[in-house]
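I opened the notebook to look up a few things in one structure. Here are my entries, in the order I worked.

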Amino acid sequence: MMFMPSCHEVQTDLTEYAEGSLPLSRKVGIWIHLLLCKVCAGFLRGMKALPGMAKRFLRPPDQAPEPAMKALSEALTALRKPG
Ligand SMILES: [Zn+2]
């Protein structure tokens, strides 16, 4: 039995798929689905026609917030200290 995601799952993962950030195990399922499903293939085409648009709405900013990262690493260091 081959792994085959549903239309809903494919469309949810499509942003990451288009960016190439999806794990291979999930990419394979989407490849197969896109070959067989015209609805989702059309969805992907429509998404590529709107460059950066979906990205801007669905993705967090690329930059890692410096103070937050520093605070996190300090908190982790403090947790590792005994007592
Ligand atoms: Zn589909």
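I first fixed my terms: a residue is buried if 20 or more other C-beta atoms lie within 10 Å of its own, exposed if 12 or fewer, and partly exposed in between, with C-beta atoms placed from the backbone. The model is predicted, so I noted that local features need pLDDT of at least 70, side-chain atom pairs count only at pLDDT 80 or more, and totals for chains, interfaces and linings use all residues. Residues are numbered from 1 along each chain as its sequence is written.

**Entry: the whole chain**

I looked up the elements and found five helices and zero strands in the protein chain. Helices (H or I, at least four residues) and strands (E, at least two) are DSSP runs, numbered from the N terminus. I then asked what share of the 83 residues counts as buried. The figure is 6%.

I checked contacts next. Two residues are in contact if their C-beta atoms, placed from the backbone, lie within 7 Å. Of the contacts with a separation of 6 or more, 64% join residues 24 or more positions apart.

**Entry: confidence**

pLDDT is the predictor's confidence in each residue, from 0 to 100. The chain has a mean of 80, and 76% of its residues reach 70 or more. Helix α4 (residues 53-58) has the lowest mean among the elements, 57, and α2 has the highest, 92. Where pLDDT is low, the predicted coordinates should not be read in detail.

**Entry: helix α1 and L22**

I compared the length of α1 with its expected span, which is 1.5 Å times one less than its number of residues. The 13 residues of α1 should span 18 Å, and the end C-alpha atoms are 19 Å apart, which agrees. α1 bends by about 50° at D13 (the angle between axes fitted to the seven residues ending there and the seven starting there). G20 follows α1 and has a positive phi, near 80°.

L22 sits in the loop between α1 (7-19) and α2 (24-36). Why is L22 partly exposed? It counts so because L22 has 17 C-beta neighbours inside 10 Å. Leaving out residues up to four places away in sequence, L22 touches D13, E16, Y17 and K27.

**Entry: I32 and helix α5**

I32 lies in helix α2. With 15 C-beta neighbours inside 10 Å, I32 counts as partly exposed. I32 and P5 are 27 residues apart in sequence and 9.0 Å apart in space, C-alpha to C-alpha.

Last, I looked at α5 (residues 66-80). α5 is hardly covered: zero of its 15 residues are buried.
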